[in-house]
Amino acid sequence: MSATVSVAAEWQILFDRFYRKPELYQMQWKHVDLSRNKVAAAPFGGPIAVIRDDSKIVQLYAESALRKLRVFNSAGLQLSELIWRNPGGRLIGMSWTDEQTLVCITQDGSVYMYNIDLESVGSVVSMGHDCFTNSVVECVFWGNGVVCINEAFQVFCIQDFRNPVSCQLAETGIEDFPLCVAVIEPQYTMSGNVEVLLSVGDQILMVEEDGVQRLDVDVGPIQKMAVSQNAKLLAAFTHDGRLLIMTSDFSEIVFEHTCESVLPPEQLDWCGMDSSALPPEQLAWCGMDSVLLYWDDVLLMVGIGGSVQYFYDEPLIIIPECDGARILSNTIMEFLQRVPDSTVSIFKIGSTEPAALLYDALDHFDQRSAKADENLRLIRSSLPEAVEACIDAAGQEFSISQQRKLLRAGSYGQAFCSQFQRVRIQEMSKTLRVLNAVRNQEIGICLSIQQYKLLTPSVLIGRLINTHHHLLALRISEYLGMDQEVVIMHWACLKITTSSAIPDINLLETLLEKLKLCKGISYAAVAAHADKNGRRKLAAMLVENEPRSSKQVPLLLSIGEEDAALMKATESGDTDLVYLVVFHIWQKRPALEFFGMIRTRQLARDLFSNYARCYRHEFLKDFFLSSGQLQDVAFLLLKESWELAKSPMASKGAPLHGPRIKLIEKAHNLFSETKEHVFESKAAEEHAKLLRMQHELEVTTKQPIFVDSSISDTIRTCIVLGNHRAALKVKTEFKVSEKRWYWLKVFALATIRDWDALEKFSKEKRPPIGYRPFVEACTDADEKGEALKYIPKLADPREKAEAYARIGMAKEAADAASQAKDGELLARLKLTFAQNAAASSIFDTLRDRLSFPGA
């Protein structure tokens with residue numbers, strides 16, 4: 001158990017809880033003194049930004065007078081640097097956002113943002129004119145926002161650096177600068193806006209956008225405040241040296257602790273004050289179990305039931321984490337945390353917990369001692385819990401050798417425990433491999449397992465590629481079964497940016513070799529980045545390898561490769577893509593050039609024609625004319641003429657017929673230039689002629705009833721109106737046949753019931769259509785007497801019989817039918833007179849005679 005004792009010997013006890021402070025890294029930087037610099041360290045093992053503090057008078061040694069802003073990983077390896085030449089006065093504060101963007105705020109309220117490579121992100125933002133006029137004095141940052149206080153005691157806020165808009169909070173009305181400032185993040189407030197806590201005298205002001213609330217606290221002036229990560233608790237250091245843990249609304253004091261003297265007497269005499277009244281330089285939460293206070297050379301950890309002191313001979317920076325706090329000094333990075341329960345159950349001195357006995361059993365097993373079996377029998381009923389504790393403790397460790405031993409203990413116990421899920425050890429092993437890889441000094445992201453779970457693997461991958469550790473990010477993505485496209489895409493874009501001296505063809509081979517590792521990766525996105533960096537030829541070559549037309553075509557358009565885009569779109573058969581290209585070229589190119597591009601692409605040509613036929617007639621006519629499609633232009637002209645006919649003005653007799661006739665005549669001329677459209681040419685010619693005549697008739701009769709009617713209707717209307725000369729002119733002009741002329745005139749005269757004219761017309765000469773139309777016209781008009789004038793003249797006995805039957809003359813119908821000697825006709829006529837018994841008997845008699853001719 002010597003190993004067990006050595007592990008627990010490094011712990012400190014605070015009431016009933018153990019704490020440990022393992023060393024994470026020996027810092028690799030050189031000549032970095034935290035006391036001379038402003039430092040911003042990102043949580044979750046993130047980067048550290050360092051710049052010389054221009055508010056302090058320091059000796060420069062051999063360094064340049066120009067200040068450098070440098071970024072290191074958590075192990076002190078430099079990632080980037082920038083000579084600070086930004087205007088705006090003194091640098092008041094800097095911090096890392098949740099996306100690891102470094103935010104720097106200067107005295108005049110200017111906000112500068114940089115990525116981890118210290119490349120500027122976005123434009124410089126101002127906190128406002130009031131901050132420019134009255135300098136910024138203090139900044140308090142949280143995840144993605146900041147609160148600034150200027151010399152006029154005004155409070156300004158940027159809620160989210162992803163949309164950096166400054167707003168002023170309510171006027172505080174104070175006349176002295178607050179003793180300390182704390183912030184409750186928007187995600188934890190009822191209003192959804194930030195709440196700023198200002199310690200002013202014996203009061204606390206809670207400043208919001210809409211107003212200021214005064215909170216009376218009976219603890220005297222508060223000199224330092226820190227809000228817990230869940231914003232439910234507040235740590236406050238009072239003027240008389242007490243540390244109070246209160247609810248964030250100051251309604252209840254959870255516990256208090258009187259801080260003992262922590263400074264040497266000579267420093268106290270120099271300060272001229274009681275040590276307990278000296279506020280700490282830093283006050284921060286260590287997880288949710290304790291609070292850290294840092295004075296010069298002393299770190300005090302306070303929790304319920306007591307405190308623990310740590311002494312340092314170099315300056316410290318406390319970096320709060322979700323499960324503890326990182327302690328950064330000039331030489332080392334440590335992690336102060338509460339010892340997890342599973343680790344305590346195994347390594348606590350004298351522990352008889354099942355997990356401790358299982359861990360001890362593994363030692364005995366390795367020594368081939370029978371006591372291993374004895375330990376297992378003792379914990380038989382609790383073996384699953386013991387295995388789980390060993391696995392969980394392995395995840396909590398930073399030492400790889402200790403991780404292995406704890407996992408071995410868990411695996412050893414699992415062999416005797418059929419109820420335990422065997423995948424649990426595999427999952428923990430996989431997690432620890434990832435954590436150990438990123439904890440490497442070269443990577444410098446020293447996450448605990450709780451931080452890893454809260455951060456998520458996908459965010460970790462993003463942070464790795466942002467620090468250019470693409471190979472590790474790719475291997476972790478593959479190992480965890482995650483999408484590798486993000487990693488490869490970032491690498492490819494970075495490779496293009498940093499390879500300006502490499503020829504396009506050589507760089508293309510390098511890129512394709514890596515891009516092919518990930519199926520379905522978007523070559524178009526990489527090509528877009530290449531085009532953005534001025535490498536259009538490389539972009540075009542990359543697009544050729546993009547299998548998805550939906551990605552390929554828009555990019556080709558964006559880099560000006562319209563011909564290639566049109567070819568790819570038409571080859572894909574995707575009409576939406578074709579329309580996208582057609583409309584793009586239509587807007588960008590001259591008309592004739594556009595026509596030439598789509599003429600050879602049938603799908604593009606047809607889609608353009610369909611669209612323009614509905615919305616852009618004139619443009620479509622130009623296209624057809626440019627390609628010699630005269631007949632298509634003619635059809636468009638005919639369609640336009642019909643559109644004019646549908647106009648509401650045309651229905652009111654407006655003089656639109658002239659333009660219509662001209663359109664039709666133009667169509668006739670175009671049709672006549674092609675041998676294949678003789679019929680269309682003749683039809684257009686006669687249509688124009690008919691429209692002209694109809695227009696003249698409407699002018700003459702002052703009745704808008706002729707235009708757009710047929711030739712037959714025009715003749716019929718003329719006769720009805722009594723204009724026989726006009727009707728005859730139409731007949732002659734359009735060579736209407738005699739038969740058709742007679743049909744039209746007979747029914748027109750019957751319509752106006754001009755029976756004398758009809759009779760006269762029948763006697764002019766033998767009608768070429770016979771007398772049947774005369775009979776039908778009279779019968780339809782219910783003029784039986786007039787019909788009788790023409791029935792006897794019918795040559796066919798069957799027609800004569802049917803005509804008599806229609807006007808109700810049964811005997812005459814029977815006689816005519818008997819002359820035709822048609823029994824079927826007699827039977828049909830009998831049905832016509834079914835209600836007349838006498839008529840029916842006549843038809844029966846005649847049918848019998850036909851059936852028995854000798855009777």
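A helix, as the word is used in these legends, is a DSSP run of H or I at least four residues long, numbered from the N terminus. The model shown in every view is predicted.

**Figure 1. The protein as a whole.**
The secondary structure of the protein comprises 36 helices and 30 strands. The protein has 855 residues, of which 51% count as buried. Its exposed surface amounts to about 41400 Å², and carbon and sulfur atoms supply 51% of that area. Among contacts with a separation of 6 or more, 49% join residues 24 or more positions apart in the sequence.

**Figure 2. Asn375 and Lys371 in helix H6.**
Asn375 lies in helix H6. Lys371 is found in this helix as well, which covers residues 371–378. Asn375 is classed as buried because its relative accessible area, 2%, is under the 20% limit. Lys371, at 36%, is partly exposed, since this value falls between the limits of 20% and 50%. Leaving aside residues up to four places away in sequence, Asn375 touches Leu357, Asp360, Ala361 and His364. With neighbours within four places likewise set aside, Lys371 is in contact with Asp360 and His364. Asp360 and Lys371 are eleven residues apart in sequence, and their C-alpha atoms are 9.2 Å apart in space.

**Figure 3. Helix H8 and its buried residues.**
Helix H8 is formed by residues 400–414, 15 residues in total. The distance from its first C-alpha to its last is 21 Å, close to the 21 Å expected at 1.5 Å a residue. The buried residues of H8 are Gln402, Gln403, Leu406, Leu407, Ala409, Gly410, Tyr412, Gly413 and Gln414. An α-helix has 3.6 residues a turn, so residues three or four places apart point the same way.

**Figure 4. Asp504 and its contact with Arg535.**
Asp504 is found in helix H14, which covers residues 504–515. With a relative accessibility of 18%, Asp504 counts as buried, because the value is under 20%. A polar contact of 2.7 Å links the side chain of Asp504 to the side chain of Arg535. Beyond four places in sequence, Asp504 touches Arg535, Lys537, Leu538 and Met541.

**Figure 5. The largest nonpolar core.**
This core holds 80 residues. Those touching the most other members are Leu358, Leu460, Leu464, Leu511, Leu515, Leu538 and Leu542. Helix H7 (residues 383–396) contributes the largest share of the core, eight residues. A second, separate core has 36 residues, including Ile719, Ala748, Leu749 and Tyr790. In the largest core, Leu515 is one of the residues with the most contacts to other members. Not counting residues up to four places away in sequence, Leu515 touches Ile488, Ala492, Ile521, Tyr523, Val526 and Leu542.

**Figure 6. Cysteines without a disulfide.**
A disulfide is a covalent bond between the sulfur atoms of two cysteines. The count of disulfides in this model is zero. Cys139 takes part in none, and the nearest cysteine sulfur, that of Cys148, is 3.6 Å away. This pair does not qualify because the sulfur atoms of a disulfide must lie within 2.5 Å. Cys139 counts as buried, as its relative accessibility is 16%. Cys322, in contrast, is partly exposed, with a relative accessible area of 24%.

How values were computed. Residues numbered from 1 in each chain as written. Predicted model: local features only at pLDDT ≥ 70, side-chain atom pairs only at ≥ 80, totals over all residues. Heavy atoms only, no water. Helix = DSSP H or I, 4+ residues; strand = E, 2+ residues; numbered from the N terminus. Expected span 1.5 Å × (residues − 1). Buried < 20%, exposed > 50% of the residue type's maximum accessible area, 1.4 Å probe, protein only. Contact = heavy atoms within 4.5 Å. Core = buried A, V, L, I, M, F, W, Y, C linked by side-chain atoms within 4.5 Å. Areas by Shrake-Rupley, 256 points an atom, 1.4 Å probe, with all protein chains shown as cover. Polar contact = N/O pair within 3.5 Å; in protein donor to acceptor, adjacent residues only side chain to side chain.
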